[in-house]
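These notebook entries record what I looked up, beginning with one helix and moving on to its surroundings.

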Amino acid sequence: MQQLTPQGQQIIQGIAQRYGVSFDAVATMLQAVTNGGGTMAQFNHPELGGGGQWMLGGMTMVGDMFNNGLKYKVDGLCTELSNLLSSQPLFAPPPAMQLQNQSGYMGNQGNASIFVSPAQAFGQWWPADLGSPSSTGAQNDVRYAVFPGSRRLVVEIQGNSTVYDTLDHQIGGVSQQQGYGSDVTFNSQYGVVPCAQLPVISYNGQAPVAQSAPLQPVQYVQPGNSQPGYSGNSAQDGDVFQKIERLGELLQKGYISNEEFADKKRDLLSKL
């Protein structure tokens, strides 16, 4: 869990008192909302009904599914934390990168930083030219930093650092998958995605070495005939089908509607 500043601890303590829950419950939910980019959260805390999900302006699911009072409490808490994250700088960036914030939380918090800056909490281990990350974290021998402004994700495994291009992914969290060695995945609007699917910008500060494509066997086709099911770009087709599968996962979780799924699926299939 990210480290709170003294101002952040006071704010979270005040919210906990108003909602009648512990400091730990609010801090856990704050981290979940932060991981969800301020618009969604997946949480697990006994005071909040165990495991559950929340979406801004949408559904609220708690373990005690028939406890409407708890649902209202979770929705109110998450909405307030979402507003807090949008109105406050999450990290204390270097002086040359101070954010201009014209509004204060609840009218009296000013520009108080909620979290200790990543450089203070972990030491700046990522490339300096990337600036200040929106979120950082660590698990076992893996740590990461997310830079949505420059579309970069930095993952360090056992001291080896890789910088990825995040493309159009909106990263909500990074984790090391159990049972799959050192495979690292992240959550985005497309679901759970392996980091290995992202383009590599650098490895330990060096650009990746371009590898020549392996020779493909020559396929003989008789004149006038075509091979059934042949695709001129199987890699691109596979990427389209993977995106459709991710859309299906988002539909099952209730993140998108049937109409949105159908429209996006039609758009993807048109690229085949």
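Is α2 largely enclosed by the rest of the structure or largely open? I found 10 of its 13 residues buried, so α2 is largely enclosed by the rest of the structure. Buried here means under 20% relative accessible area (1.4 Å probe, protein chains only); helices (H or I, at least four residues) and strands (E, at least two) are DSSP runs, numbered from the N terminus.

I noted the basis of the values. This is a predicted model, in which local features need pLDDT of at least 70, side-chain atom pairs count only at pLDDT 80 or more, and totals for chains, interfaces and linings use all residues. Residues are numbered from 1 along each chain as its sequence is written, and side-chain values use heavy atoms, with hydrogens and water left out.

I then listed the buried residues of α2, among them Val26, Met29, Leu30 and Val33. Glycine 37 follows α2 and has a positive phi, near 70 degrees.

Next I looked up the partner helix. In α1, Gln9, Ile12, Gln13, Ile15 and Ala16 meet Phe23, Val26, Ala27 and Leu30 of α2; contact means heavy atoms within 4.5 Å.

Finally I examined the largest nonpolar core (buried Ala, Val, Leu, Ile, Met, Phe, Trp, Tyr and Cys residues joined through side-chain atoms within 4.5 Å). This core has 25 residues, and Ile15, Val26, Met29 and Leu77 are among those with the most contacts inside it. α1 (6–19), α2 (23–35), β1 (40–45) and α3 (68–87) each supply at least two of its residues, and α3 gives the most, with 7. I recorded that Leucine 77 touches Ile15, Tyr19, Val26, Met29 and Leu48, not counting residues up to four places away in sequence.

Notes
Buried means under 20% relative accessible area, exposed over 50%, partly exposed in between (1.4 Å probe, protein chains only).
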